[in-house]
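Thanks, everyone, for making the time this morning. I would like to go through one model with you, beginning with a single helix and then stepping back to the whole chain.

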Amino acid sequence: MKTLLSIGHGYSGRATEAALGPGWRLLGTSRTQGAAAVHWPDEAATALAEATHVISWVAPDRETGEDPVLARIATLPMPRLEWLCYASASSLYGDTGGAWIDESAPDRPDTGRGTARLRAEAGWRALAEKHALPLCVLRIAGIYGPGRSAFDALREGRAQRVVRPGQVFNRIHVEDLGRIAAAAAEARLDGPLIVSDDEPAPNADVIAYAATLLGMTPPPEIPFEEATLSPMARSFWADNKRLRSRRIGPELKLTLNHPTYRHGLKAIRARES
């Protein structure tokens, strides 16, 4: 029996749990007692002693930029462990001016978020090397899905059709993210893996399409310079790139269920009906 320890087992972790095949046991962690099988960090040592596979969904601390999981597990024994995975972000690639990139692209973060992810990846790599383990690094695009999509932003009145000529974003439906993470665990995949859909698209197009599916009038377009964005949200607009993976199909034998935002939004809407 393989045991996956999913640290920070929230939205993406639940999708991964749903995608695991037979022969898997999952230990999900939470800081809230009773919310998952493992109370973190009190039961970290026990969980690590049982785990054959570990994936951390926990982002670096926003203030310090440090990975809060690494410090906790670095000295703990992991006698059964066969595979490590860190859920990172595509911000490590920085701005490419809208050019297409795959996993062979160099790491050139140009934001604080990207730099923190690069530092966290280095820490996970050192841990993997210490234990002679493969390390899979998921370079994840913007995650959306039921309860976290343009539909919710529109219904709550916070959707903005921000326009910046030439700017595009990739996304990934949470169901596809879970399927990819589960397949990577099964294959004990090593190295970076871009996790994104197949069609980078402008923010305004996605909001407009979601409004159409809801039967709503799309909000007006707003030039980027006039948009009301938090510093965190604005930092996402610092990078303009087009993502594609050269590994998901050939190595994991997967095709996306939601290859574009249109597929993904239609599936969410169908689920709501």
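Which residues in H6 are buried? Before I answer, please keep in mind that this is a predicted model, in which local features need pLDDT of at least 70 and side-chain atom pairs count only at pLDDT 80 or more, while totals for chains, interfaces and linings use all residues. Residues are numbered from 1 along each chain as its sequence is written, and side-chain values use heavy atoms, with hydrogens and water left out.

The buried residues of H6, meaning those under 20% relative accessible area with a 1.4 Å probe and protein chains only, are Val-174, Asp-176, Leu-177, Gly-178, Ile-180, Ala-181, Ala-182, Ala-183, Ala-184 and Ala-185. That is 10 of the 14 residues, and the helix is therefore mostly covered.Helix H6, a DSSP run (H or I, at least four residues) numbered from the N terminus, covers residues 174–187 and reaches 20 Å from its first C-alpha to its last, close to the 20 Å expected at 1.5 Å times one less than its number of residues. Just after H6, Arg-188 takes a positive phi of about 50 degrees.

Turning to the whole protein, there are 10 helices and 13 strands, a strand being a DSSP run of E with at least two residues. The radius of gyration, taken over C-alpha atoms, is 19 Å, close to the 19 Å that the globule rule (2.2 Å times the number of residues to the power 0.38) gives for 273 residues, so the protein is as compact as a globular protein of that length. Along its principal axes the C-alpha trace spans about 55 × 40 × 40 Å, and buried residues make up 52% of the 273 residues.

Conventions. Buried means under 20% relative accessible area, exposed over 50%, partly exposed in between (1.4 Å probe, protein chains only).
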